[in-house]
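I opened the model to go through its contacts, cores and surface. My notes follow in the order in which I looked things up.

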Amino acid sequence: MSDHAATPLKTKIEQMLTEARVIIPGGQALLGFQFVCTFNRSFKELPLSIQYVHAASLCAVALAVLLLMTPAALHRIAFHGEDDKSFFRIGSALMIAASIPLASGAGDIAVVFFKVTESMFDALVSGCVSLFVLLGVWLAYPVWRRLHSAAAG
């Protein structure tokens with residue numbers, strides 16, 4: 001990495017805000033589908049524990065959307081649209097933090113597996129595997145690559 005020119009702050013901020021804009025519609029669509037599910041007759045037939053898993057997943061995705069939308073508002077309101085290192089750190093932290101509740105929305109995978117298999121064990125395993133895969137791909141692997149790159153360079 002040391003042989004590459006540093007990315008200008010303006011470019012970093014534009015990239016971060018663009019990344020958020022790309023992720024937000026997916027999170028909002030997921031949130032909408034989660035809300036709609038609660039109005040289906042079959043939702044009421046699910047065990048209360050599975051309904052709570054769905055509610056927790058819905059809240060987690062809502063938090064992720066909130067975290068993803070915050071950098072744009074922060075940039076426009078608090079920083080008057082100006083590029084600032086502290087804004088970039090805050091905005092980046094919010095986007096990274098959003099991946100945790102977004103991955104926690106994988107609880108709905110458990111709901112689907114319960115609906116298909118009617119097995120609480122299968123639901124639990126599928127939800128946990130999904131959560132660990134998402135956190136692994138979105139957080140653990142990038143952190144490992146960063147540490148690996150730092151050690152090599």
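Entry 1, salt bridges. I found the side chains of Glu 14 and Lys 10 meeting in a salt bridge, 3.4 Å from N to O. The rule I used asks for a side-chain nitrogen of Lys or Arg within 4 Å of a carboxyl oxygen of Asp or Glu. By this rule the count comes to one salt bridge. Glu 14 and Lys 10 are separated by about one helical turn, because they are four residues apart in helix H1. I took helices as DSSP runs (H or I, at least four residues), numbered from the N terminus. Glu 14 counts as partly exposed, at 42% relative accessibility. My classes were buried for under 20% relative accessible area, exposed for over 50%, and partly exposed in between (1.4 Å probe, protein chains only).

Entry 2, ground rules. This is a predicted model, in which local features need pLDDT of at least 70 and side-chain atom pairs count only at pLDDT 80 or more, while totals for chains, interfaces and linings use all residues. Residues are numbered from 1 along each chain as its sequence is written, and side-chain values use heavy atoms, with hydrogens and water left out.

Entry 3, Ile 23. I stayed in helix H1, where Ile 23 lies. Ile 23 is partly exposed, with a relative accessible area of 35%. Leaving aside neighbours within four places in sequence, I listed Leu 68, Met 95 and Leu 102 as its contacts; contact means heavy atoms within 4.5 Å.

Entry 4, cores. Which residues make up the largest nonpolar core? I noted twelve: Ile 13, Met 16, Leu 17, Ala 20, Ile 24, Leu 67, Leu 68, Phe 79, Phe 87, Leu 94, Met 95 and Ala 98. H1, H3 and H4 are the elements that give two or more residues to this core, and H1 gives the most, with five. A nonpolar core here is a set of buried Ala, Val, Leu, Ile, Met, Phe, Trp, Tyr and Cys residues joined through side-chain atoms within 4.5 Å. Another core, of seven residues, lies apart from it, and includes Phe 43, Leu 46, Ile 50 and Ala 123. I also checked Phe 79: leaving aside neighbours within four places in sequence, it is in contact with Leu 74, Asp 84, Ser 86, Phe 87 and Ile 90.

Entry 5, helix H4. Its buried residues, among them Phe 87, Gly 91, Leu 94 and Pro 101, pack against helix H1 (9-37), helix H3 (48-77) and H6.

Entry 6, Ala 110 and Ser 130. Ala 110 is found in helix H5 (residues 107-117) and counts as buried at 9% relative accessibility. Beyond four places in sequence, I found Ala 110 in contact with Ala 123, Ser 126 and Gly 127. Ser 130 has its place in helix H6 and is buried, with a relative accessible area of 15%. With neighbours within four places left aside, Ser 130 is in contact with Ala 106 and Ile 109.

Entry 7, surface. Is Phe 121, in helix H6 (residues 120-152), buried or exposed? Phe 121 counts as exposed, at 58% relative accessibility. I then saw that Phe 121, Val 125, Val 129, Val 133, Val 137 and Trp 138 form a nonpolar patch on the surface, with about 560 Å² of accessible area together. For such a patch I joined nonpolar side chains (Val, Leu, Ile, Met, Phe, Trp, Tyr) within 5 Å, from residues with over 30% relative accessible area and no salt bridge. Areas come from the Shrake-Rupley method with a 1.4 Å probe, and for residues only the protein chains shown count as cover.

Methods:
Patch = residues over 30% accessible without salt bridge, like charges linked within 9 Å, V, L, I, M, F, W, Y side chains within 5 Å.
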